[in-house]
Amino acid sequence: MQFYRQYIVRWLSYIAMFHDVIVASVIWYFAFLLRFNFAIPDNFVATIGQTLPIVLVIEFVCFVFFGLYRGMWRFASIPDLKRIIRAVALSALVIGFASLIAQPQIIIPRSVLILNPLLLVLIMGGSRFAYRAWKERRLFNPIAQQGKPVIVLGVEDAAINLIKELTKSHEWRVVALLDDNTLMHNREFMHIRVEGAIDALPKVAQKYDCEHCIIAMPSANHLARKHAVNVANSIAMEVLTLPAMSDLMSGKVSISQVRKVDVEDLLGRDVVSLDNAGLSSMIASNTVMVSGAAGSIGSELCRQVLTYHPKKLVCIDVSEYALYLLQQEFSQRKTDTQILYIVADIKNKTRINHVLLTHQPKLVLHAAAYKHVPMMEDYNVTEALINNAFGTYQFASACQTAQVDKFVLISTDKAVNPTNVMGASKRLAELVCQSLQPKKPSKSAPKTQFITVRFGNVLGSSGSVIPKFREQIARGGPITITHPEITRYFMSIPEAAQLVLQAGTMGKGGEIFVLDMGEPVKIIDLAKDMIKLSGLHHEEIRIEFTGLRPGEKLYEELLADDENTLPTNHEKLRIAQARSASAAWLDDLLHWLEKVQHMAEHQVKVQLKDWVEEYQPNALTAGEPPVLAIEPSQTIH
């Protein structure tokens, strides 16, 4: 079969060559006809016969040199036209130069030297594009009349490319375009008319008896996309969207593989601008280590790091199975980076020291942590403190000993005025990193720069609310929410990982970077949006309020009451002016952490207040509205 295809392609190339030789011969003669108003003198008829073989050889050599026969006519495009223009231009120069040398024996009119290349480009390019148009119409025009009618929202390049792809699809038939840009209204793209603004969707959907629409606005902000979804939901249309741009660029999917809109698309945020030169300088050709590499944030950090081609990526995680899944994913990826998968506990000082000294990373990203608030609040208090605070110390101090250039701690908004053990343990981790950072740089001081990045919830991470709601909707409900007024900040996992890396390039040591998390989202509104996007009505899925869990806040914060921020040269990163800790404080903390394993949990919580001044166990942050009095079983429909 492969041989047969190669045979066909070879013969198609021969046919194309034969076509161009015939065309070149006819055009050379036709250029003389035009020059002499279709009455060529006898002496110039002889000139045509004398010059034609030489002209054909020159032109054919130029055609082959510029690769005119490497492509296929049915896929002819602008690059093919550029190749034709270059080949014809070069051949025209060579023929013109040859005509000057041949004079006075052979005289070629100058107008012929001008007309010939113009006609060649016109006929050779035109024949290729005409063949492609005929082929596509023959192959895809019957298909274009099939499929379900669909309206495309947006008139960007992505929308036009989508229409081209869908003309080959048996599933969809694009009947109209909508866009809020009034300059586009009543124009046609690929024979599809822009019927008006997105708000006209109900009218246009009724006109074409259409039940589906596709949002093709990747460059629009998330508010514009959310508005489009709301308009479609108002008339119960099924809403689809393009695959993620990162998947399109990586070649994982094609633009025609539309998918249902997820709640992540509504909460999506604008594209992050990155200092690629700085990131490449920090990562490319260096060794990078990621702890907690198999987790939601850690694995995305690994993916982002790989795009900058490090020499070696060391993935550390305590979960052997999770690390195995990461290995399976990356084994399908083409990369020149050496990737190592190391099962290790950050609290195991001997093991971590050995790994660091063996691989000598330049950059360490510390994402390993226990993060589930209710689980860490009872029966696991000691483990949360030992892992998140003492583990961070063990890992960070080992990195300092190994002369790592930068150590980036992944922190959380729950470390701000913490009301739970998990948040307090992460605040201790922040203070540990700050206390390890020398206050005054000197030749004798360790060179490691300790940088902290603090952000809120990430969309789709393990244990987050969105996967939980999705499972509850799939079971038919109810959706359980702790409180009707609870809000959270949200950020996509790729955006969070990108900003962590960006903060790593900007940090000089000792800073706590705060990410711009946008506007907080009410969890009840999130649940209602997910019900709509599932094709259901709020009457079909019950929402049940269960009451705030131990240590849970109504409102998360990114800054403590006594903290301010300083701007950076990146619009989505600011530096928190937070309370720091001394080396003496760190020594006392480590002594206390050694004792907590032998203490009762309630006693640990009481003493934790001495180490994290902002810690307010089982109470809301000052200044927040009081908890509404609701019964745990209270529900809404």
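This section describes the fold, the nonpolar cores and the salt bridges of a predicted model.

The chain contains 21 helices and 23 strands. Of its 637 residues, 49% are buried. Among contacts with a separation of 6 or more, 77% involve residues 24 or more positions apart. The chain exposes about 31,300 Å², and carbon and sulfur atoms supply 56% of that area.

One open sheet comprises seven strands in the order β3-β4-β2-β1-β5-β6-β7, and its pairing is mixed. Strands β3 (188-189) and β7 (259-260) occupy the edges; each has a single partner strand, so one side of each is left without a neighbour in the sheet. Within this sheet, strand β1 (residues 148-153) runs parallel to strand β5 (residues 212-215), and four bridges join the two. Val150 has His212 in β5 as its bridge partner. Helix α7 (residues 222-234) packs on the sheet, where it touches β1, β5 and β6 (238-241), and its direction makes about 180 degrees with that of β5. Helix α5 (residues 157-166) lies across β1, β2 (172-178), β3, β4 and β5, and runs at about 155 degrees to β2.

A second set of paired strands involves β11 (residues 363-366). In a regular strand, side chains alternate between the two faces of the sheet. In β11, Leu363 and Leu365 point one way, whereas Val364 and His366 point the other way; all four are buried. Strand β11 has parallel partners in β8 (residues 287-291), through four bridges, and in β12 (residues 406-412), also through four bridges. Met289 stands opposite Val364 of β11, while Leu365 has Val408 of β12 as its bridge partner.

In soluble globular proteins, nonpolar side chains tend to be buried together. The largest nonpolar core of the model has 52 residues, and those with the most contacts inside it are Leu356, Phe407, Leu428, Leu589 and Trp592. Helix α15 (residues 381-401) gives the most to this core, with ten residues. The surroundings of Leu356 bring several parts of the chain together in one list: when residues up to four places away in sequence are not counted, Leu356 touches Met289, Pro361, Val364, Ala398, Cys399, Ala402 and Val404. Apart from the largest core lies another core, of 38 residues, which includes Leu301, Val305, Phe455 and Ile493.

Leu301 and Val305 are among the buried residues of helix α11. Ten of the eleven residues of α11 (residues 296-306) are buried, so this helix is largely enclosed by the rest of the structure. The buried residues of α11 also include Ser296, Gly298, Ser299, Glu300 and Gln304. Arg303, by contrast, has a relative accessibility of 23% and therefore counts as partly exposed, whereas Glu300 is buried at 10%. The side chains of Glu300 and Arg303 meet in a salt bridge, with an N to O distance of 3.0 Å. The two residues lie three residues apart in α11, about one turn of the helix. An α-helix has 3.6 residues a turn, so residues three or four places apart point the same way.

The structure holds 17 salt bridges. Side chains of opposite charge can pair when their charged atoms come close. Asp80 forms a salt bridge with Arg83, and their closest N and O atoms are 2.7 Å apart. Because Asp80 and Arg83 are three residues apart in helix α3 (residues 78-102), about one helical turn separates them. Asp80 counts as buried at 15% relative accessibility, while Arg83 is partly exposed, with a relative accessible area of 23%.

A further salt bridge joins Lys207 to Glu195, with the closest N and O atoms 3.4 Å apart. Lys207 lies in helix α6 (residues 201-207) and Glu195 in strand β4 (residues 192-196), so the pair ties together parts that are twelve residues apart in sequence. Lys207 is exposed, with a relative accessible area of 55%, and Glu195 counts as buried at 18% relative accessibility. Finally, Arg427, Glu430, Arg454 and Glu614 are linked in a network of salt bridges.

Definitions and conventions
Residues numbered from 1 in each chain as written. Predicted model: local features only at pLDDT ≥ 70, side-chain atom pairs only at ≥ 80, totals over all residues. Heavy atoms only, no water. Buried < 20%, exposed > 50% of the residue type's maximum accessible area, 1.4 Å probe, protein only. Pairing = 2+ DSSP bridges. Core = buried A, V, L, I, M, F, W, Y, C linked by side-chain atoms within 4.5 Å. Contact = heavy atoms within 4.5 Å. Areas by Shrake-Rupley, 256 points an atom, 1.4 Å probe, with all protein chains shown as cover. Salt bridge = Lys/Arg side-chain N within 4 Å of Asp/Glu carboxyl O. Axes fitted to C-alpha atoms, helices over the stretch in contact; angles between N-to-C directions.
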